[in-house]
Amino acid sequence: EEEVEALFGRIVAHFGHPPTVVVFNVGANSPRPFVDETPRRLRKIWELCVLAAFLVGRAAAKHMMAMCAPSSPLAPRSASRPSPSRAATHRGTIIFTGATASIRARAAFSAFSSAKFALRSLAQAMARELGPEGIHVAHVLVDGVVDKEETKRLMGVGPSHVCLEPNAIAEQYALLHAQHPSAWTHELDLRPSVEPW
């Protein structure tokens, strides 16, 4: 927790303002039969995929919300419901990278899929709370293997045409950040054209 807060402090000190876009892209995709799964391993996967997402998302949101002074029309209002015009200013974007496991579990992936389901839920809760504050929270479901040699080797995947290109993924993330607050996407599915779904 302290390390995440310190990281955001260093970013603000270096650039003079909080980040306007934060991408949380952590995975722990390794199969293990359910009966062989251990509490220690499950806890570690949840720490990587859920607790770390919570810590990064919370720090990002706090810093993005601090971009407006308390006297600003965008500043939080105590006991009233936010007015619709408050989201007219885009304070920042927080993007969480999900996986196929975020919506569809597979055998031998109980720890990973349960953590990715939880990450998706966290992103939804954050989006509902932070959207009216001018913070765009999105969950990107990356449905397939990313075209990296290490990933393809681990997943046993061959030619690149069956994989998601990292630059193509990055372009979609940039488009999410550029969206107008009147038409924000919360969940985006990305998959290669040949991916069965």
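User: What makes the order of elements in this protein read as α-β-α-β-α-β-α-α-β?

Analyst: In this predicted model, the secondary structure comes to 5 helices and 4 strands, and reading them along the sequence gives the pattern α-β-α-β-α-β-α-α-β. Helices and strands here are DSSP runs numbered from the N terminus, with at least four residues for a helix and at least two for a strand, so strand S1, at residues 21-24, qualifies as a strand.

User: How do you know that S1 and S2 pair, and in which sense do they run?

Analyst: Pairing requires at least two bridges found by DSSP, and S1 is joined to S2 (residues 92-99) by 4 bridges, so the two strands count as paired, and they run parallel. Within this pairing, Val-23 of S1 has Ile-95 of S2 as its bridge partner.

User: Why are S3 and S4 called a pair?

Analyst: The criterion of at least two bridges applies again; S3 and S4 have 4 bridges in the parallel sense, and they are therefore a pair. Here Val-142 has Leu-190 in S4 as its bridge partner.

User: What makes one face of S4 count as buried?

Analyst: A residue is buried when its relative accessible area is under 20%. Along S4 (residues 187-190), Leu-188 and Leu-190 point to one face and are buried, so each of them lies under that cut-off, whereas Glu-187 and Asp-189 point to the other face and are not buried. In S1 there is likewise a covered face, formed by Val-22 and Phe-24, and an uncovered one, formed by Val-21 and Val-23.

User: Why is the set that includes Phe-8 and Ile-94 called a nonpolar core?

Analyst: The term applies to buried residues of listed types, Phe and Ile among them, that are joined through side-chain atoms within 4.5 Å. The largest such core has 21 residues, and those with the most contacts inside it are Phe-8, Ile-94, Phe-96, Met-126, Ile-135 and Val-137. Two or more residues come from each of H1, S1, H2, S2, H3 and S3, and H2 gives the most, with 7 residues. Another core, of 10 residues, lies apart from it and includes Val-142, Leu-164, Tyr-173 and Leu-188.

User: Which residues is Ile-135 in contact with, once its neighbours within four places in sequence are left aside?

Analyst: Contact means heavy atoms within 4.5 Å, and by that test Ile-135 touches Ala-61, Met-64, Met-65, Arg-91, Gly-92, Ile-94, Leu-130 and Trp-184.

Notes. Residues are numbered from 1 along each chain as its sequence is written. This is a predicted model: local features need pLDDT of at least 70, side-chain atom pairs count only at pLDDT 80 or more; totals for chains, interfaces and linings use all residues. Side-chain values use heavy atoms; hydrogens and water are left out. Buried means under 20% relative accessible area, exposed over 50%, partly exposed in between (1.4 Å probe, protein chains only).
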